[in-house]
Amino acid sequence: MFKKLAIVFIAVFGVLLAVPTISPRLASYFPSWIRPIPLGLDLKGGAQLLLEVDTKTMFAEKSAQLYDEVRSVLIDRDKGVIRFSNLRHVDGVVSFAVRDDDDVSRAKGRLKAVLGNSVDIQSQGRTITLSYSDRQKADMVDDALTRSIEIVRRRIDALGTKEPSIQSQGGKYILIQLPGVDNPEHIKELIGQTAKMTFHLVNENISPDQMAAGRAPAGTELMPYMDAPDQMVPVYSRIEVSGETLKDSQADFDQNNMPVVTTVFDATGARKFARLTTEHVGERFAIVLDGRVLSAPAIREPIPGGRGQISGGFTVQGAKDLAVLLRSGALPAPLSVIEERTVGAGLGADTIASGKIGSAVGVLFVMIFMIMLYRTFGVIADIVLLVNLAMIIGVSALFGATLTLPGIAGIVLTLGMAVDANILPFERIRDEVRAGAPTLRAVDNGFHRSTKTVMDGNLTNLICSLILFQFGAGPIRGFAVTLSIGVATTLFTCLMLSRVMIDWYMNGKNKKISYIR
C-alpha cells in the first residue's frame, strides 16, 4: 500500500510542477523554485547573434606577450643577464641572437624552465626562435572559444537576461540566442568589449614638443583618455599589474556620492599593486581599459591589501556595466558580430497557437481511439497520458529546460510512445484472458511480461536522445532534452501509475474486462 501511495504522490507532485506553466496566473501561489517553463527564441521571439572569435588578433597579442616574457627572462639580474641582440617578433615568431656561443644552451634552458611546453624553442647557430606549433595554436583557439563562451554567459546573466542559449559553432564561432530581447544593441556593445584592464606608469619625462607632435620614445605609448579622446597620456608600455589578477569588482559611490568601481585583486595582484604604489609614491600611474586611459591619478601613499577604486565620471549604469565587464573577466580575443537576426514576438505567438492546436487535436484523437478500443482501461490510459504530459512539462521547468518548437515535437513524439507503452500490456492481458487465466492473474501477467518490451523500446529512444544531446546543437538539443525527460515519465506513468489505477479499479476482484470479447 505504501508503494502505491508513493507512486500517486510522485504523480501528483509532477502535475503540480506543471500548474504554473499551464496557468501562469497561479504561479504566485507556488514557491519560487516552481516556475513556468521558459520559452525559447522560436516561441517567445528575441534576438540571435553569431559572433566570430578574432584569432588573428589573439595570436598577435600572444606573440607580443611572448616577446615581453623572453625579454624578461634574458635580462633577469638575479639569474644573470644574457647578452643578446635583434630581439623581435614577426608573424607569431619571436627570435633573437645571443652574443656568446656558451649562452645558447643557457638561454634555451632558462626559457624552457619558464615557458615549459607552451612554445617550440629552436636554435640555429646563435639565433634562437620561439613559435607556436599548429597543435598549440589549435589548443589556444579551443581554449579561447571555451573561455569566451563562459565570459559572455556571465556578462549576459549579470545583466538579468533570462535563459540565454550560448554555444560554439564551427570551431571559432559563438551562437547566442536571447529570448525576449527585441533590442540587442546594448548586449552587443557589452559583449564586444574586451574589458582588458592594465596598470601602467606614466612617463613624466616626455617633452611637450613630443606630445604635440604625437611622437613617443621607445617603450612609451600615447593613449587617449576615455572621456576626452583628444587628450593623450604618455604611458610606459610595460604592464605593472594585469587585470587578469582581478578577483572582484563592484559598482559603488565615493564620499562625494559619485559612481565609482571598486576593485579587489587576488594575492598575486595585491602583491604587485602594493609594490607599485610603494616604490613609486609621488608618481602617476594610468588605469588603462581596452587601450584608453580611465584615469591617471598620482600615488599619494602605498595601497596594501589589494583594494582599489576607479573613478572616471561614470554614470550609475556605466559603473555597473564596467563592474560586470571586469568581474566576468577579459575576453581572450575580440569578438565581432557577423550575423544578427530578430524574431518578432508575434511570430512566436502564432507558433505557440499552432503548436497548441496541433497538440490538442492529436491528443484528443488518441484519447478517443483509446476509449473506443479499450473502454474503461482506455479511460485509465487517457488519464495516465494527461499525467504524463503534465509531468514532462513540470520536470522540464524544474530542471530549467527551455521549451522550443523542436521541444514540442519531442513531447508529441513522447505521447505517441506512451500510448504504445499502454497498448502492449493491454493486449497482453487480452491474450492471458483468452488463454483461460482469471482477470487478476491476467492483469498481473500482462504487465509483468510486457515490461521488458516496453523498457527495451523506451531505453533505445533514451540512448538515441542522449546521443543527439551530446553531438547536436540548438534545436536538436531541445528535442533531445524533452525526449529524454519524456522517456523517464513514460516508464513511470505507464508501468507504475497505470498499474496502480487498474489495481484500484479491479479492487481485488476478478471483474470482467469490458474490451475483451
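Let's start with Ser 63 and ask which residues it is in contact with, once we leave aside its neighbours within four places in sequence. The list is His 89, Gly 92, Val 93 and Val 94. Ser 63 sits in helix α3, which covers residues 55-74. Is Ser 63 buried or exposed? Its relative accessibility is 1%, so it counts as buried. Please keep in mind, as we go along, that this is a predicted model.

Now let's step back to the whole chain. DSSP-style elements first: there are 13 helices and 17 strands in the protein chain. The C-alpha trace spans about 105 × 60 × 40 Å along its principal axes. How does the radius of gyration look next to that of a compact globule of 517 residues? Such a globule would be near 24 Å, but this chain has 33 Å.

Here are a few more totals. Of the 517 residues, 42% are buried. The accessible surface comes to about 27,100 Å², and carbon and sulfur atoms hold 56% of it. If you take the contacts with a separation of 6 or more, 68% of them are between residues 24 or more positions apart.

Let's go inside. In soluble globular proteins, nonpolar side chains tend to be buried together. In our model, the largest nonpolar core has 40 residues, and the members that touch the most others are Val 70, Phe 96, Leu 130, Ile 174 and Ile 176. Several elements give two or more residues to this core, among them β1 (46-53), α3, β3 (93-98) and β7 (173-179). Which element gives the largest share? That is α5, with 8 residues.

Pick out Ile 176 on your screen. Not counting residues up to four places away in sequence, Ile 176 touches Ala 47, Gln 48, Leu 49, Leu 51, Val 152, Ile 156, Ser 165, Ile 166 and Ile 191. There is also a second, separate core of 37 residues, which includes Ile 429, Val 443, Phe 447 and Ile 513.

Another buried residue to look at is Met 370, in helix α10. Met 370 counts as buried because its relative accessible area is 2%, and the cut-off for buried is under 20%. Which residues does Met 370 touch, not counting those up to four places away in sequence? They are Arg 375, Gly 378, Ala 381, Asp 382, Val 419, Asn 422, Ile 423 and Phe 426. Look at Asn 422 in that list: Met 370 and Asn 422 are 52 residues apart along the chain, while their C-alpha atoms are separated by 9.5 Å.

Helix α10 covers residues 345-398, and Leu 398 lies in it too. Leu 398 has 34% relative accessibility, so it counts as partly exposed. Leu 398 belongs to a nonpolar patch on the surface, together with Phe 9, Ile 10, Phe 13, Trp 33 and Phe 399. Together these residues have about 660 Å² of accessible area. Helix α1, residues 2-22, gives the most to the patch, with 3 residues.

Next, the charged pairs. Side chains of opposite charge can pair when their charged atoms come close. How many salt bridges does a search of the whole structure find? It finds 13.

One of them joins Glu 204 and Arg 284, with the closest N and O atoms 3.0 Å apart. Glu 204 is in the loop between β8 (197-201) and α7 (208-213), and Arg 284 is in the loop between α8 (267-279) and β14 (285-289), so this pair ties together parts 80 residues apart in sequence. Glu 204 is partly exposed, at 47% relative accessibility, and Arg 284 is partly exposed at 25%.

Arg 238 and Glu 240 form a salt bridge as well, at 3.8 Å between the closest N and O atoms. Arg 238 counts as exposed, with 57% relative accessibility.

Finally, Glu 432 pairs with Arg 449, and there the closest N and O atoms are 2.7 Å apart. This pair links helix α11 (residues 405-434), which holds Glu 432, to helix α12 (residues 439-471), which holds Arg 449. Glu 432 is buried, with a relative accessible area of 8%, whereas Arg 449 is partly exposed at 46%. And to close, Lys 4, Asp 444, Arg 499 and Asp 503 are joined into one network by salt bridges that share partners.

Definitions and conventions: Residues are numbered from 1 along each chain as its sequence is written. This is a predicted model: local features need pLDDT of at least 70, side-chain atom pairs count only at pLDDT 80 or more; totals for chains, interfaces and linings use all residues. Side-chain values use heavy atoms; hydrogens and water are left out. Patches are made of residues with over 30% relative accessible area and no salt bridge: like charges are joined within 9 Å, nonpolar side chains (Val, Leu, Ile, Met, Phe, Trp, Tyr) within 5 Å. Accessible areas come from the Shrake-Rupley method with a 1.4 Å probe; for residues, only the protein chains shown count as cover. A salt bridge is a side-chain nitrogen of Lys or Arg within 4 Å of a carboxyl oxygen of Asp or Glu. Helices (H or I, at least four residues) and strands (E, at least two) are DSSP runs, numbered from the N terminus. Buried means under 20% relative accessible area, exposed over 50%, partly exposed in between (1.4 Å probe, protein chains only). Contact means heavy atoms within 4.5 Å. The radius of gyration is taken over C-alpha atoms; the globule rule is 2.2 Å times the number of residues to the power 0.38. A nonpolar core is a set of buried Ala, Val, Leu, Ile, Met, Phe, Trp, Tyr and Cys residues joined through side-chain atoms within 4.5 Å.
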